[in-house]
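Work through the exercises below with the sequence and the 3D structure open. Try each task before reading its solution.

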Amino acid sequence: MDPRTGAVQQVRQPPFVMMEDDVVEVEAVTMQDTFHIDQRELQQRTNVARDYPASFTAVENGALWIEAAEGSKRLAVMAQPDAALLRNFVGDARPFMDEYILQSCPLNAANARALFQVLPKLRPTLLGLTTSAGCGDRLGLATPGHVRALQQVLAAASGRAIAPIFAQQSIREMGRTQRTAEDVMTDATWGAFQGGWRGSVGADADHLKTTADIDTTVAAGFTFFTIDPGEYVDNEADAAPIDVVRRKVEQLPWSTLESSTDDLRRSYVGRRITLDDRTVVLDEEVVWRAAAKYGGAVAHVSSMYRHLVSKGVPFELEISVDETETPTSHQEHIYIVQELRRLKVEWVSLAPRYIGRFEKGVDFIGDLGVLRADLAGHAAIARSLGPYKLSLHSGSDKFSVYAIITGVTQGLVHLKTAGTSYLEALRVVAEVDSAFFREILAFGREHYETDKVSYHVSADLNRVPTPATVPDQALPALLDDFDARQVLHVTFGSALAEFRSRLFDLLRAHEELYTQTITAHFVRHLTPFV
């Protein structure tokens, strides 16, 4: 681990290496340094000023930008005929002005990889211990709004930083949205370019459960891998009789753990762990229960980590035990960390299961004072036994929590959001097509009981109005209603299967409204983190 950044340093070839001999990296510079053409004249003769001006980027003796083209978008590449810039991209070329060539290129995965050669910072990289935020995008259309929000927040942040992850999606979400890992990477790359983001980015392969998940996401170029060992967490260990707990410990995969029950006793029972602001004592029962509960999860993380190391790519690891039934105590957190350290697993962030309810799409449910004390303890462990970041999963719309967690972690925090961008897309639908929104809401009511099974939610259908009873002007407000919001949130997969084409057509027709809506929503999310 790099002591300056906290990033895991594996000296390996990065993903998305372009093997073609004629691919040449070029440097982004200013228009005045590169063009003999007047910039105003260029913009008058192209679509750049009218369509996506934030995308306009001058490089060497040329420029790139995104333009609207026959109901879709294309990458425009302008350069002199012999420029390496043109050879990087695949597209249709035609003569332009003053002996320049204009090449029109599809926004596909191959051209996204070529863009990494031209603008290397858009290639996902390691973010280290910088405060960071993941902006999951289930539709592949929200990234320009995420970028605009981050730009606005950072412009007012007096030098404070938030490192962004625009490409973030779990394997579960990919399946439900009918997207591949490459789709997620490609959409986020073009969205970031369109929005004018030219800084570093990460890419989060979220909630990975198998080595096959790792293989798929490594191939797509992800650099931040969130391992979810939730299936190996034994939630019964919290309350089971101690003799049952001891039997559970004896049955742990000790060969994978490279340890034994005797080692466990010698290493932990009776230890006093001194943190920066407290001391935690590990008595015998606490140790046995922690091992019974999380020993299998530690073994799984270790195996997944070693598989990831074998892939030979730079990476950062996050460990997530948040989607479990019972909170992670401070003693259990210490056990997890010490065992992973013993097994030489390195990570940049960890998501315990915090006290209270972190349900999808709504604010925190519980006592904020109790939560603050719980977070303070976890943060002290992360600082003293790391350092590493605390990760806030199901982080969308937890507005009452953000100032608390940024304060107690002193900026060692990662925010993870996902479904909230989809919900803001539905807000746009409610504003511009009330009949269509009523269809989606009625469909959500029908599918909620089935679709909620894999989520921690508590919406009550009896409190969700039937669509016909809500006036047009009141429909957008349903996106601020606890029950309606959760119903719409967890039924996204079924809704996309039913309404995909209509939803995408509407959002593309109202692209700027969607971007503005996302921007406003994410400014609220990100501002507390700077």
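A residue is called buried when its relative accessible area is under 20%, exposed when it is over 50%, and partly exposed in between (1.4 Å probe, protein chains only). The model is predicted, so local features need pLDDT of at least 70 and side-chain atom pairs count only at pLDDT 80 or more, while totals for chains, interfaces and linings use all residues. Residues are numbered from 1 along each chain as its sequence is written, and side-chain values use heavy atoms, with hydrogens and water left out.

**Exercise 1. A salt bridge and its surroundings**

Task: find the partner of D187 in a salt bridge, and state whether each of the two residues is buried, partly exposed or exposed.

Solution.
- Step 1. A salt bridge is a side-chain nitrogen of Lys or Arg within 4 Å of a carboxyl oxygen of Asp or Glu.
- Step 2. The partner is R179, with 2.6 Å from N to O.
- Step 3. D187 has a relative accessible area of 27%, so D187 is partly exposed.
- Step 4. R179 has 9% relative accessibility and therefore counts as buried.

**Exercise 2. Salt bridges along the sequence**

Task: how many salt bridges does the rule give, and which parts does the pair R148 and E512 tie together?

Solution.
- Step 1. The count comes to 35 salt bridges.
- Step 2. In one of them, the closest N and O atoms of R148 and E512 are 2.9 Å apart.
- Step 3. R148 belongs to helix α5 (residues 143–155) and E512 to helix α20 (residues 511–526), so the bridge ties together parts that lie 364 residues apart in sequence. Helices (H or I, at least four residues) and strands (E, at least two) are DSSP runs, numbered from the N terminus.
- Step 4. R148 is partly exposed at 29% relative accessibility, and E512 is partly exposed at 40%.

**Exercise 3. A bridge within one helix**

Task: describe the salt bridge between R427 and E424, and name the network it belongs to.

Solution.
- Step 1. The closest N and O atoms of R427 and E424 are 2.8 Å apart.
- Step 2. Both residues are in helix α16 (residues 419–432); they are 3 residues apart, so about one helical turn separates them.
- Step 3. R427 is buried at 13% relative accessibility, and E424 is buried at 2%.
- Step 4. Salt bridges with shared partners join D397, E424, R427, D480 and R485 into one network.

**Exercise 4. Two helices that cross**

Task: describe how α17 and α18 are arranged, and which residues meet.

Solution.
- Step 1. Two packed helices are described by the angle between their axes and the distance between the axes. Axes are lines fitted to C-alpha atoms, for helices over the stretch in contact, and angles run from 0 to 180 degrees between N-to-C directions.
- Step 2. The axes of α17 (residues 434–451) and α18 (residues 482–490) come within 8 Å and cross at roughly 80 degrees.
- Step 3. Angles under 35 degrees count as roughly parallel, over 145 as roughly antiparallel, 65 to 115 as roughly perpendicular and the rest as oblique. The two helices, α17 and α18, are therefore roughly perpendicular to each other.
- Step 4. Contact means heavy atoms within 4.5 Å. From α17, the residues F437, I440, L441, G444, R445, Y448 and D451 meet Q486, V487, L488 and V490 of α18.
- Step 5. H489 also lies in α18 and is buried, with a relative accessible area of 2%. Leaving out residues up to four places away in sequence, H489 touches R138, K360, G361, G419, T420 and L423.

**Exercise 5. A covered helix**

Task: is helix α4 mostly covered or mostly open, and what covers its buried residues?

Solution.
- Step 1. Helix α4 (residues 109–118) is mostly covered, since 8 of its 10 residues are buried.
- Step 2. The buried residues are A109, N111, A112, A114, L115, F116, Q117 and V118.
- Step 3. Their cover includes β1 (57–59), β2 (62–69), α3 (84–88), β5 (101–106) and α7 (181–195).

**Exercise 6. Backbone in loops**

Task: where do K344 and P387 lie, and what is the backbone angle given for each?

Solution.
- Step 1. K344 lies in the loop between α13 (330–342) and β13 (349–351).
- Step 2. Phi of K344 is positive, about 60 degrees, although K344 is not a glycine. K344 is exposed at 65% relative accessibility.
- Step 3. P387 is in the loop between α14 (368–385) and β14 (389–392). The peptide bond joining G386 and P387 is cis, with omega about 5 degrees.
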